[in-house]
Amino acid sequence: MIMSNDIVYDIAIIGGGISSSVFASTHLKNGFKGRIAIIENGRNLGGRSSTRNSFKNSGWQLNHGSPNLNICNTSKNLLLKTYIQELLDLNMIQLDSSDLIELYGESSNQCKLNYDFHSCQNYISSSSMSDLSKKIISYNNLKNQVDYYFQTLIYKLNYENNVWILTSKNGNKFKTKFLVCSSNLILHKRSLDILNISQIPLRKAIPVNYDKKIDKIIKLLYDQEYIERLTFLIYTKSNYGYKDKYKKKFRYFLLDNFLEEKFKFERIIFQKQVNNKLGIVLHTRNIKFINEYFQSNNKQKFKNSLLDKFNQIFDKNFCINKLIDYQDISIMSWRASQPSGIRIPENLQVCENFNLAFCGDWFDLDGFGRIEGAILSALNLSYKIISLS
Ligand SMILES: Cc1cc2nc3c(=O)[nH]c(=O)nc-3n(C[C@H](O)[C@H](O)[C@H](O)COP(=O)(O)OP(=O)(O)OC[C@H]3O[C@@H](n4cnc5c(N)ncnc54)[C@H](O)[C@@H]3O)c2cc1C
């Protein structure tokens, strides 16, 4: 790893999700000549659109956050339209032609599900979701301008003599002339618990009344809420497969409200592995169920009970076999899977007085709370920063 202490970066980006990747890549493509640091708490790129490369179950790759991307507003937004076309031309993404099967409960009226994540045009990464972020940056990082710092959690910010100083929990310090926050964690009250600190990091760095935009964004974010999600990743045994001859990599099942209420899952995604095994990701946003999992004293028993639910959901299904056994079940907890409620106005994306900017799915853009919004915010940001100079 490069020692960060002596370098003053031109841009440091906190977070390595899809918005960070698209921003870094677009900014390079737009002619940015400086050095960029991407500082990410996780083990790789992708954030909430990332892939679990399990140490324990080697060879498996499961998209445990967003499995794909759905884009709705290209007709209104030329920038987004051009960008998606570019990703298609570069074969980084492809049209998602996977089965999308809606499951209805007995008492529902079986009208088409209005499900935000699978509406409009759907695309999948040509490899894994984490790889997509990696490829997006690599494609324009021809002169190696980007340094990556993984497993590095920033918890403290200072702004001195027009330079930002970022301190991480593992003791690294980063200096940068311009700071981009691709996550709102260090501006949001949830940072107090997560980072175990007494004051929101950005607030501590820039006290109240120093900058109207920063005050406004912190005030608005105070009331932004989040949808919690938990995903269960089932590594099935090699003898487990579909009843039919379905060959594609993904197969999505969406549950209607009745079934979601009954079984606690909102969607179930099958992911075929290179070794032909079948991974299953169960998504839940049912808080009571999530709490039950965390409070249960016998996690193994809880995991085993998932099989009963699964088998009830797919009882007599034409393509899904009964799940008798499994190799492993792991979980991923998303305390903040999607912002909800308050949307941050786009005109607060750049605080020019403090060489500070933001991107991510938490802005009031088409695709708020989805990958579409994250990408759009990143594309816009590069142009906004260029227009400053
Ligand atoms: C389970 C799940 C399913 C989803 N399904 C869909 C879907 O089907 N379709 C869809 O469009 N969207 C979906 N979403 C939402 C989608 O994943 C997000 O909208 C998108 O990934 C947001 O990208 P981002 O770059 O804005 O933020 P993020 O992906 O959250 O990236 C921010 C990154 O910053 C890092 N970070 C934060 N604070 C710090 C710090 N202090 N120091 C260092 N690193 C830090 C985080 O680790 C994270 O990697 C889903 C989300 C989840 C969780």
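A residue is buried if 20 or more other C-beta atoms lie within 10 Å of its own, exposed if 12 or fewer, and partly exposed in between, with C-beta atoms placed from the backbone. Helices (H or I, at least four residues) and strands (E, at least two) are DSSP runs, numbered from the N terminus.

The structure is a predicted model, in which local features need pLDDT of at least 70, side-chain atom pairs count only at pLDDT 80 or more, and totals for chains, interfaces and linings use all residues. Residue numbers start from 1 along each chain as its sequence is written.

**Exercise 1. Helix H3**

State which residues of H3 are buried, and name elements that cover them.

Solution.
- Step 1. Helix H3 covers residues 129-140.
- Step 2. Its buried residues are Met 129, Ser 130, Leu 132, Ser 133, Lys 135, Ile 136 and Ile 137.
- Step 3. The cover over these residues includes H1, strand E3 (51-53), strand E4 (61-63), strand E6 (93-95), strand E8 (121-125) and E9. Contact here means that the C-beta atoms of two residues, placed from the backbone, lie within 7 Å.

**Exercise 2. Helix H1**

Compare the expected span of H1 with the distance between its end C-alpha atoms, then describe its surroundings.

Solution.
- Step 1. The expected span of a helix is 1.5 Å times one less than its number of residues.
- Step 2. For the 12 residues of H1 this gives 16 Å, and the end C-alpha atoms are 16 Å apart, which agrees.
- Step 3. Of the 12 residues, 11 are buried, so H1 is largely enclosed by the rest of the structure. Among them are Ile 18, Val 22, Phe 23 and Leu 28.
- Step 4. The buried residues of H1 pack against strand E1 (8-14), strand E2 (36-39), H3, strand E9 (146-149), strand E12 (173-181) and H10.
- Step 5. Just after the helix, Gly 31 takes a positive phi of about 105°.

**Exercise 3. Two domains**

Give the division of the chain into domains and describe the contact between them.

Solution.
- Step 1. The protein chain is divided into domain 1 (8-47 + 131-223 + 342-388) and domain 2 (70-74 + 80-125 + 227-336). The bounds come from an automatic or database domain assignment.
- Step 2. Taken over C-alpha atoms, the domain centres are separated by 30 Å.
- Step 3. The contact takes 13 residues from domain 1 and 13 residues from domain 2.
- Step 4. On the side of domain 1 that touches domain 2, H3 and H10 each supply at least two residues. H3 gives the most, with five residues.
- Step 5. That side of domain 1 has six nonpolar, one polar and six charged residues. In this count Ala, Val, Leu, Ile, Met, Phe, Trp, Tyr, Cys and Pro are nonpolar, Asp, Glu, Lys and Arg are charged, and the others, Gly among them, are polar.

**Exercise 4. The ligand**

How many residues surround the ligand, and why does the ligand shell lie between the domains?

Solution.
- Step 1. A residue is near a molecule if its C-beta atom, placed from the backbone, lies within 6 Å of it.
- Step 2. The ligand is surrounded by 40 residues, of which the closest are Gly 15, Gly 17, Gly 47, Ser 66 and Arg 370.
- Step 3. Elements giving two or more residues to this shell are helix H1 (18-29), strand E5 (69-71), strand E13 (225-235), strand E17 (328-340) and helix H10 (371-388).
- Step 4. The shell has 13 nonpolar, 21 polar and six charged residues.
- Step 5. Domain 1 and domain 2 both give residues to the shell, so it lies between them.

**Exercise 5. The nonpolar cores**

Describe the largest nonpolar core and the second one.

Solution.
- Step 1. A nonpolar core is a set of buried Ala, Val, Leu, Ile, Met, Phe, Trp, Tyr and Cys residues joined through C-beta atoms within 7 Å.
- Step 2. The largest core has 63 residues, and Ala 12, Ile 13, Ile 39, Val 180 and Ile 375 touch the most other members. H10 gives the largest share, eight residues.
- Step 3. Both domains give residues to this core, so it lies between them.
- Step 4. Leaving aside neighbours within four places in sequence, Val 180 is in contact with Ile 11, Ile 13, Phe 23, Ala 357 and Cys 359.
- Step 5. A second, separate core of 23 residues includes Leu 103, Leu 255, Val 281 and Leu 282.
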